[in-house]
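Q: I'm new to this one and would like to learn how to read helix packing and cavities. Could you walk me through it?

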Amino acid sequence: TDFGVTVTFDWYSYARVILPTTYSGAVCGLCGNANGDPDDDFVTPGGHRASDEVQMGDSWKVGDVPGCSAGCGAECPVCDAVKVQPYRGDMYCGVIARAGGPFQECHHVINPEPFLQDCAFDACHYKGHRDTVCQGVSAYVNTCQSHGVVVETWRTVEFCALSCPAHSHYELCGSPCQPTCHSPSVPTQCATSPCSEGCFCDTGYVLSGSDCVPHSECGCEYLGHYYQKDTEFYPSCRERCRCSANGTVTCQEAFCGAHEECRVEDGVLGCHPTGYGRLVVSGDPHYVTFDGRTFNIPGSCTYILARVCETAQRLVNFTVLVEHEAGSHGDPVLMKRVVVSIHGYRVTMERGQRWEVDLERYTLPLVTEDKNLRIGQEGNNIILHTAAGVRILYNTDTFLLITVPNIYRGRLCGLGGNYDGDPSNDFRLPSGALAGTTQEFITSWKVPEKDRACSDGCNDSMCSKCDVSNKAMYSKNTSCGIIHDAEGPFWECHPRVSPVEYFIHCVHDICAANGDRAALCHALQAYTAACQAAGATVRAWRTKELCPLSCPPNSHYELCTRTCDFTCAALVGSAPCTWGCFEGCQCDEGFVFDGDTCVSPERCGC
């Protein structure tokens with residue numbers, strides 16, 4: 001800034017604020033008051049001395065994040081001095097304080113001990129995970145270089161080698177101001193700024209955003225802002241522009257479509273949806289269309305669940321298919337496979353299988369190269385996010401939730417209806433005509449299959465019915481009644497997700513399963529997922545007697561967990577959480593998810 005404050009962030013694990021001495025005693029927060037006395041740094045916003053780190057940290061919290069808590073309580077990991085000691089050695093963090101090592105010139109300027117202590121502490125918790133060690137060492141390097149101290153080469157092929165993006169290379173001491181499309185010549189004040197290590201563009205390339213590109217691929221400057229080539233942007237709510245070749249900007253008057261409004265979302269000004277529609281498939285498959293109409297499908301065929309039938313400019317086409325599988329010996333019909341086609345990809349989600357993208361199987365999390373698809377595990381659910389705003393949540397068993405922005409309103413068709421706000425016209429055939437019966441509607445959206453025979457199942461008159469006595473028994477608060485119990489674990493969810501249909505479907509499924517408790521557990525799990533996806537709070541409902549959840553080795557059950565924060569990918573900052581918290585199995589302390597198993601961090605893949 002022009003008043004002397006410098007803020008640095010590496011997008012993941014290292015943040016630094018440098019203040020002029022004029023701010024001494026005038027600041028507050030986790031970093032203290034900058035008055036030169038470390039003994040009075042632990043002060044809360046009210047001016048009181050904090051008793052410990054947890055109280056200090058919690059007092060400066062700016063908001064609540066689902067699944068996060070103030071401290072670890074009795075479950076705090078134990079990394080005492082004995083366990084930390086090996087990670088202070090040369091194989092791990094010892095390079096920081098090694099006499100005669102690459103940082104020897106910095107030791108008399110910046111005390112290496114706190115950095116060595118932090119690095120070894122983190123390495124102990126993550127069992128020596130290489131990225132954790134490298135981040136700890138890099139923190140000391142950054143601090144030394146910010147003070148103008150020269151450090152020697154410390155990265156090698158075997159130790160903390162840095163992989164750089166296309167058209168860039170690693171430098172130990174590069175200029176903090178790289179040439180960019182926006183500023184091809186480095187400002188003169190950068191000549192006196194301390195250097196820093198990192199990835200720098202190759203000769204003949206400059207930064208366009210975070211990418212190194214040749215000058216010919218540079219974007220456009222418009223009203224003081226830089227935009228990458230071939231991007232569309234809104235300088236204001238009244239104008240939409242496009243950056244083309246040779247820095248050419250073409251603009252036209254902008255109007256948001258129906259069900260859109262102009263606002264800033266995720267830091268981008270533009271036309272964004274005013275809301276979202278939800279399509280639910282659960283249990284023995286029960287369908288709730290985008291407009292809220294309900295019906296059951298007892299068949300074991302493949303159906304078109306939703307697709308775009310009325311195209312429009314700027315509307316991304318998509319299709320979702322669902323395949324049912326008939327249970328054996330009268331067991332309920334279940335979802336077997338969900339197939340999503342969008343953004344040129346075909347994503348297959350199958351019960352008991354890894355996800356497939358264009359016939360290749362991947363370990364989650366996955367982000368496609370063009371950033372149009374993000375797939376990750378959150379709690380018991382696998383979630384697909386698309387750049388078009390369409391989201392799929394599937395627990396790979398008995399619950400599927402499809403969320404679409406309401407720019408698709410009135411433009412969809414399939415078993416999910418047309419999403420026009422009117423449930424009475426949802427049962428339309430592919431021709432657009434209204435179906436005469438529910439069965440005619442369902443049959444019309446079947447997908448022809450060569451490789452397997454399928455059945456339409458029972459019709460309404462032949463399907464099993466629940467007798468009055470069983471219905472009353474399954475409606476009690478000790479069974480399905482817990483869903484709509486006004487004082488039960490789901491009461492805070494009722495205003496957001498109506499319990500009525502979930503309760504009715506629960507009773508139906510238990511009847512169809514002849515009282516099997518597994519059907520009850522699936523129904524309660526489905527309502528839990530729907531509530532948590534809507535951002536509602538769910539209280540503890542599983543007990544040792546009611547639906548206890550068995551977790552794989554090195555993991556445990558949590559009602560509200562952000563699984564995506566505890567993966568091998570999260571250790572290197574490549575798998576951000578995208579959708580609140582969900583119930584599911586969480587890795588024990590000292591373990592992280594590698595795909596669907598919990599491993600010690602040093603066993604993480606690449």
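Q: Let's start with a helix pair. At what angle do α7 and α8 pack, and how far apart are their axes?
A: One thing before we begin: this is a predicted model. The general idea is that two packed helices are described by the angle between their axes and the distance between the axes. Here, α7 and α8 pack at an angle of about 165°, and their axes are 8 Å apart.

Q: How are α7 and α8 oriented to each other, roughly parallel or roughly antiparallel?
A: Angles over 145 degrees count as roughly antiparallel. With an angle of about 165°, α7 and α8 are therefore roughly antiparallel to each other. As for handedness, the crossing of α7 past α8 is right-handed.

Q: Which residues of α7 and α8 meet?
A: From α7 you have P499, Y502, C506, D509 and I510, and they meet A519, L520, A523, A526, Y527 and A530 of α8. Sorted by class, that contact of α7 with α8 has 10 nonpolar residues, 1 charged and no polar ones.

Q: Now cavities. How many of 30 Å³ or more does the structure hold?
A: There are 3 cavities of 30 Å³ or more. Let's look at the second largest, with a volume of about 60 Å³.

Q: What lines the second largest cavity?
A: Its lining is S282, G283, T398, Y502, H505, C506, D509, H522, A523 and A526. Our helix pair turns up again: α7 (499–512) and α8 (517–533) each supply at least two residues of that lining. The largest share, 4 residues, comes from α7. By class, the lining has 4 nonpolar, 5 polar and 1 charged residues.

Q: Let me try another pair. How do α3 and α4 pack?
A: Helix α3 (residues 113–125) and helix α4 (residues 130–146) pack at about 165°, with axes 8 Å apart. That makes α3 roughly antiparallel to α4. The crossing of α3 past α4 is right-handed.

Q: And which residues make the contact of α3 with α4?
A: On the α3 side they are F115, C119, D122 and A123, and on the α4 side T132, V133, G136, V137, A139, Y140 and T143. By class, the contact of α3 with α4 has 7 nonpolar, 3 polar and 1 charged residues.

Note on methods:
Residues numbered from 1 in each chain as written. Predicted model: local features only at pLDDT ≥ 70, side-chain atom pairs only at ≥ 80, totals over all residues. Heavy atoms only, no water. Axes fitted to C-alpha atoms, helices over the stretch in contact; angles between N-to-C directions. Parallel < 35°, antiparallel > 145°, perpendicular 65-115°, else oblique. Left-handed = near helix turned anticlockwise from the far one by under 90°. Contact = heavy atoms within 4.5 Å. Nonpolar A, V, L, I, M, F, W, Y, C, P; charged D, E, K, R; others polar. 1 Å grid on protein atoms, 1.4 Å probe; cavity = no way out; pocket = protein on both sides within 12 Å on 5 of 7 lines; lining within 4 Å. Points joined across faces, edges and corners; volume = space filled by probe spheres on them.
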